[in-house]
Amino acid sequence: MSYSESHGSPKPPSMRTPLGRVRNLGAAHSGTSDFWRQRITGVAMTLLMIPVLVIVMMLLGRNQAGAAQILGSLPIAVILLLFIFASAWHMKIGMQVVIEDYVHNEKLKLTAIMLNNFFSIAVALASTYAILKLSSGV
């Protein structure tokens, strides 16, 4: 059943451009990709939470040499790196959405988004460096 049959009138005119109707994107021109990326990283962090908590519990009460021995294991390093990447990406997307929604000055918004990107990358790189340095035994 078409719109006109169910409502008894022709379909109301669309505010979207023809290209927008073809691509099926909204005004932001990005669809729901950030929404799904944030959900995927959230699920990844939830799944990695138990192994990370087990690793943290294994580190409790250890001295530096014992902690370095545990963190020197390849599976432990991989789990921590996956958790770090998922967390940094999730943080970047979440803060970007907040900035886009609540910062109305365009220059300030652009600056804040750039700083958010740099901060997220810096956190991910510093954490990755620390894990790789500990896992390599240096």
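Start by selecting methionine 114, which is partly exposed with a relative accessible area of 41%. The cut-offs behind that wording are these: buried is under 20% relative accessible area, exposed is over 50%, and partly exposed is in between, with a 1.4 Å probe and protein chains only. You are looking at a predicted model, where local features need pLDDT of at least 70, side-chain atom pairs count only at pLDDT 80 or more, and totals for chains, interfaces and linings use all residues. Residues are numbered from 1 along each chain as its sequence is written, and side-chain values use heavy atoms, with hydrogens and water left out.

**The patch around methionine 114**

Now add Leu110, Leu115 and Phe118 to the selection. Together with Met114 they make a nonpolar surface patch of about 440 Å². A patch is built from residues with over 30% relative accessible area and no salt bridge; like charges are joined within 9 Å, and nonpolar side chains (Val, Leu, Ile, Met, Phe, Trp, Tyr) within 5 Å. Accessible areas come from the Shrake-Rupley method with a 1.4 Å probe, and for residues only the protein chains shown count as cover.

**Along helix H6**

Next, select residues 106–136. This is helix H6, the home of methionine 114. Helices here are DSSP runs (H or I, at least four residues) and strands likewise (E, at least two), numbered from the N terminus. H6 has 31 residues, and from first C-alpha to last it reaches 44 Å, close to the 45 Å expected at 1.5 Å a residue; the expected span is 1.5 Å times one less than the number of residues.

Have a look at both ends. At the N-terminal end, asparagine 105 acts as a cap, with a side-chain oxygen 3.0 Å from the backbone nitrogen of lysine 107. After H6 comes glycine 137, whose phi is positive, near 80°.

Which residues of H6 are buried? Colour Lys109, Ile113, Asn116, Ser120, Ala124, Thr128 and Ile131 to see them. Then show helix H5 (74–102), which is included in what covers these buried residues.

**Two salt bridges**

The structure holds two salt bridges, each being a side-chain nitrogen of Lys or Arg within 4 Å of a carboxyl oxygen of Asp or Glu. While you are on H6, pick glutamate 106 and lysine 109: they form one of them, with the closest N and O atoms 3.6 Å apart. The two residues are three places apart in helix H6, so about one helical turn separates them. An α-helix has 3.6 residues a turn, so residues three or four places apart point the same way. Is each partner buried or exposed? Glutamate 106 is exposed at 53% relative accessible area, whereas lysine 109 is buried at 16%.

For the other bridge, jump to helix H3 (residues 33–59), where aspartate 34 and arginine 37 lie three residues apart, about one turn of the helix. Their closest N and O atoms are 3.6 Å apart. Aspartate 34 is partly exposed at 24% relative accessibility, and arginine 37 is partly exposed at 38%.

**Between H6 and H5**

Go back to H6 and select asparagine 116. It is buried, with a relative accessible area of 7%. What does asparagine 116 contact, leaving aside neighbours within four places in sequence? The partners are Met91, Lys92, Met95, Gln96 and Ile99, where contact means heavy atoms within 4.5 Å.

Follow one of those partners, methionine 91, into helix H5. Methionine 91 is partly exposed, at 28%. With neighbours within four places again left aside, methionine 91 is in contact with Asn116, Phe119, Ser120 and Val123. Draw a C-alpha to C-alpha line from methionine 91 to glycine 42: the two are 49 residues apart in sequence and 9.8 Å apart in space.

**One stop on: histidine 90**

Select histidine 90, also found in helix H5 and partly exposed at 23%. Not counting residues up to four places away in sequence, histidine 90 touches Gln38, Thr41, Gly42 and Met45. Its C-alpha is 9.3 Å from that of serine 120, across 30 residues of sequence.

**Zooming out**

Finally, show the whole chain as a cartoon. You will find six helices and zero strands. Of the 138 residues, 23% count as buried. Among contacts in the chain with a separation of 6 or more, 61% are between residues 24 or more positions apart. Switch to a surface view to end: the chain exposes about 10200 Å², and carbon and sulfur atoms supply 70% of it.

Methods: Polar contact = N/O pair within 3.5 Å; in protein donor to acceptor, adjacent residues only side chain to side chain.
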